[in-house]
Amino acid sequence: MRLGSARSPELDGRPTVVVPLGSVEQHGPHLPLATDTTVAAAVATGLVDRQPDLLLAPAVPYGASGEHEGFPGTVSIGTGALRTLLVELGRSAGRWAGRLLVVNGHGGNLDALRSAVPLLRHEGRDVAWFPCGVRGGDAHAGRIETSLVLHVEPSAVRPELAEAGETAPVAQLLPRLRAGGVAAVSPNGVLGDPAGASADEGARMLADLVGRLAAAVQAWDVGADGRLTG
């Protein structure tokens, strides 16, 4: 069921609400600004399609993307505002929902999630978050995200504009990233290389993400930082 199209009398039984969380930020010359939201929504939708008793909420499209503000189109509400949004969302939904699960598509949202979700849990609300991360993937607008968007929303990708960016491991780039944002290390905004990306690869990645999330929801083992393990 979709929360946005549901009617209030239909929402009995204290359902689990699934909220995709993304961002509006640059994703290089070839991917759309809504990439993170698109991926998070696809993973959350895949989960709800598998488990129809869950309730899919509209996506939260804005996140903490200050590291991308050197590029036009990026809209960041910052960690503090995002933390407040998540806390108030959890408190409000918690009045009628049994659980709240945030499916996160943007790494810059982690500080807010790691603060807001433990607070909500401390207050007695059953809340958790899950990251849409692909193991061993590049960091931003590279092969991983390009493959996922080619599968989920192919018309939004401009493959002819795709180009490699900074390919060094993020751990090596952190001092420069913290000092000057993504623009300081990658003029085109890409951290990785989209070469070789394909819709078929994206379909496999999405299926793996949805499968991992479904197993994690079944186990519902929540870490100290509020993350749903799995």
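**Group meeting: a surface patch and two cores**

Okay, let's start on helix α2, residues 78-93, because that's where you'll find L85. One thing before we go on: this is a predicted model. L85 has a relative accessible area of 32%, so we call it partly exposed. It also has company: together with Y62, V75 and I77, L85 makes a nonpolar surface patch of about 290 Å².

Now to the inside. In soluble globular proteins, nonpolar side chains tend to be buried together. Here, the largest nonpolar core has 34 residues. If you want the ones with the most contacts inside that core, look at V18, V43, L47, L101, V103, L213 and L228. Two or more residues each come from α1 (35-50), β3 (99-104), β4 (127-131), α4 (143-152) and α6 (199-219). And which element gives the largest share? That's α6, with 8 residues. There is also a second, separate core of 23 residues, and V17, L21, V87 and L120 are among them.

Let me stay with α6 for a minute. Does its length add up, or what should its 21 residues span? At 1.5 Å a residue you'd expect 30 Å, and the end C-alpha atoms are 30 Å apart, so the two agree. The buried residues of α6 are E201, G202, M205, L206, L209, V210, R212, L213, A214, A216 and V217. Notice that E201 and R212 are on that list, along with the nonpolar names. As for what covers these buried residues, that includes α1, β3, β4 and α4. Then, just after the helix, W220 takes a positive phi of about 45°.

W220 comes up again when we look at L228. Leaving out residues up to four places away in sequence, L228 touches L101, A128, W129, F130, L213, A216, V217, W220, D221 and V222.

Last residue: V103, which is in strand β3. Is V103 buried or exposed? Its relative accessibility is 0%, so V103 counts as buried. With the same sequence neighbours left out, V103 touches V18, V19, P20, L21, A40, V43, A44, F130, C132 and L213. So F130 and L213 are on the contact lists of both V103 and L228. And if you'd like a distance to check on screen, V103 and R158 are 55 residues apart along the chain, with their C-alpha atoms separated by 26 Å.

That's my tour, thanks.

Terms used. Residues numbered from 1 in each chain as written. Predicted model: local features only at pLDDT ≥ 70, side-chain atom pairs only at ≥ 80, totals over all residues. Heavy atoms only, no water. Patch = residues over 30% accessible without salt bridge, like charges linked within 9 Å, V, L, I, M, F, W, Y side chains within 5 Å. Areas by Shrake-Rupley, 256 points an atom, 1.4 Å probe, with all protein chains shown as cover. Salt bridge = Lys/Arg side-chain N within 4 Å of Asp/Glu carboxyl O. Helix = DSSP H or I, 4+ residues; strand = E, 2+ residues; numbered from the N terminus. Buried < 20%, exposed > 50% of the residue type's maximum accessible area, 1.4 Å probe, protein only. Core = buried A, V, L, I, M, F, W, Y, C linked by side-chain atoms within 4.5 Å. Contact = heavy atoms within 4.5 Å. Expected span 1.5 Å × (residues − 1).
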